[in-house]
Amino acid sequence: MAAATSQSSIGRTMSKEDIGLKTEKLTHFHFFIHVIISGPNIDDVIVVLPPPTSTTPAANAFFGRVDVLDTPLTIGPNISSDRIGSMQGVVAGTSPVEELAYFMEVTFVFTEGKYNGSTLVILGRNQATMKVRELPIVGGTGIFRFARGYALTRTYSPFDPKTGTAIHEYNLFITN
Ligand SMILES: *[C@@H]1O[C@H](CO)[C@@H](O)[C@H](O)[C@H]1NC(C)=O
Ligand SMILES: *[C@@H]1O[C@H](CO)[C@@H](O)[C@H](O)[C@H]1NC(C)=O
């Protein structure tokens, strides 16, 4: 056994410059995601379906449902426009009342330019009935170490049964 560990050996004060962090900056991203639940290019799978109930409002079809997704991030609303990364994570229906809300734990994985390999994490509540939803950005990796901020998202094109796709627009504001 090693000798008793002294307090000073388990933590030490550093300056941000020691790990290459200089002045804080604000970054804005604007992109679209494509949630596809049917057809040949499914990127959102339902992993848990809620038990059927007869007494709850229609929106509650989503209460208790858990989806895992990995959807492309594109610079325009057309899925053929330039791709800058993916959104990967878990979305769960969390509202037992008519307002239709989700818990989201998703990671934006960027694949372009200086952002390639860096990630940002969203953790929070998405109330789907609001026109613009705000979600907290709680952290990141790579170029986004120590990131914090918020995302504003709105439905660009609602679920279309013909294509199995819904398109959502995201604006991210991140400081680190
Ligand atoms: C999306 O882009 C493709 C390829 O450029 C084009 O053929 C298609 O019409 C576009 N779709 C829409 C909805 O604009
Ligand atoms: C992103 O990084 C990966 C891994 O280092 C590399 O294979 C890929 O070519 C890079 N993509 C771009 C667009 O730079």
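Contacts and Core of a Predicted Beta-Strand Chain

Trainee: Leaving aside neighbours within four places in sequence, which residues is V138 in contact with?
Mentor: Outside that window, V138 is in contact with V121, L123 and A147. Contact here means heavy atoms within 4.5 Å.

Trainee: What kind of model is this, and how are things numbered?
Mentor: This is a predicted model, in which local features need pLDDT of at least 70, side-chain atom pairs count only at pLDDT 80 or more, and totals for chains, interfaces and linings use all residues. Residues are numbered from 1 along each chain as its sequence is written, chains are lettered from A and ligands numbered from 1 in the order in which they are written, and side-chain values use heavy atoms, with hydrogens and water left out.

Trainee: Back to V138: where does it lie, and is it buried or exposed?
Mentor: V138 lies in strand β7. It counts as partly exposed because its relative accessibility is 47%; buried means under 20% relative accessible area, exposed over 50%, and partly exposed in between, with a 1.4 Å probe and protein chains only. The C-alpha atoms of V138 and G149 are 6.9 Å apart, although 11 residues separate the two along the chain.

Trainee: How many helices and strands are there in the protein chain?
Mentor: The protein chain has 1 helix and 9 strands, in the order α-β-β-β-β-β-β-β-β-β from the N terminus on. These elements are DSSP runs numbered from the N terminus: helices are H or I of at least four residues, and strands are E of at least two.

Trainee: What about the overall dimensions of the chain?
Mentor: The C-alpha trace spans about 65 × 40 × 30 Å along its principal axes. The radius of gyration is 20 Å, whereas a compact globule of 176 residues would have one near 16 Å. That radius is taken over C-alpha atoms, and the globule rule is 2.2 Å times the number of residues to the power 0.38.

Trainee: And how much of the chain is buried?
Mentor: Buried residues make up 38% of the 176 residues. The accessible surface comes to about 10400 Å², and 60% of this belongs to carbon and sulfur atoms. Such areas come from the Shrake-Rupley method with a 1.4 Å probe; for residues, only the protein chains shown count as cover. Among contacts between residues at least 6 apart in sequence, 49% join residues at least 24 apart.

Trainee: Which residues of the largest nonpolar core touch the most other members?
Mentor: Of its 25 residues, these are F31, M87, F108, F110, L120, Y170 and L172. The elements that give two or more residues to this core are β1, β3, β4, β5, β6, β7 and β9, and β5 gives the most, with 5 residues. A nonpolar core is a set of buried Ala, Val, Leu, Ile, Met, Phe, Trp, Tyr and Cys residues joined through side-chain atoms within 4.5 Å.

Trainee: What does F108 contact beyond four places in sequence?
Mentor: The contacts of F108 include F31, L73, M87, L120, I122, Y170 and L172.

Trainee: New topic: where are H34 and H168 placed?
Mentor: H34 is in strand β1, and H168 is in strand β9, residues 165-175. H34 counts as buried because its relative accessibility is 1%. H168 also counts as buried because its value is 17%.

Trainee: Which side chains do they pair with?
Mentor: The side chain of H34 makes a polar contact of 2.7 Å with that of T74, while the side chains of H168 and T155 are joined by one of 3.3 Å. A polar contact is a pair of N or O atoms within 3.5 Å; within protein, one must be able to donate a hydrogen and the other to accept it, and residues adjacent in sequence count only if both atoms are side-chain atoms. Beyond four places in sequence, H168 touches nine residues' worth of neighbours listed as F31, F32, I33, V35, R133, T153, R154, T155 and Y156.Trainee: What is unusual about phi of F146?
Mentor: Phi of F146 is near 65 degrees, a positive value in a residue other than glycine. Most residues other than glycine have a negative phi. F146 lies in the loop between β7 and β8, and is exposed, with a relative accessible area of 52%.

Trainee: Finally, which residues are around ligand 2?
Mentor: T111, E112 and N116 are around ligand 2, where a residue is near a molecule or strand if one of its heavy atoms lies within 4 Å of it. The protein covers 26% of the 360 Å² of accessible area that ligand 2 has on its own. A polar side-chain atom of N116 lies 2.3 Å from an oxygen atom of ligand 2.
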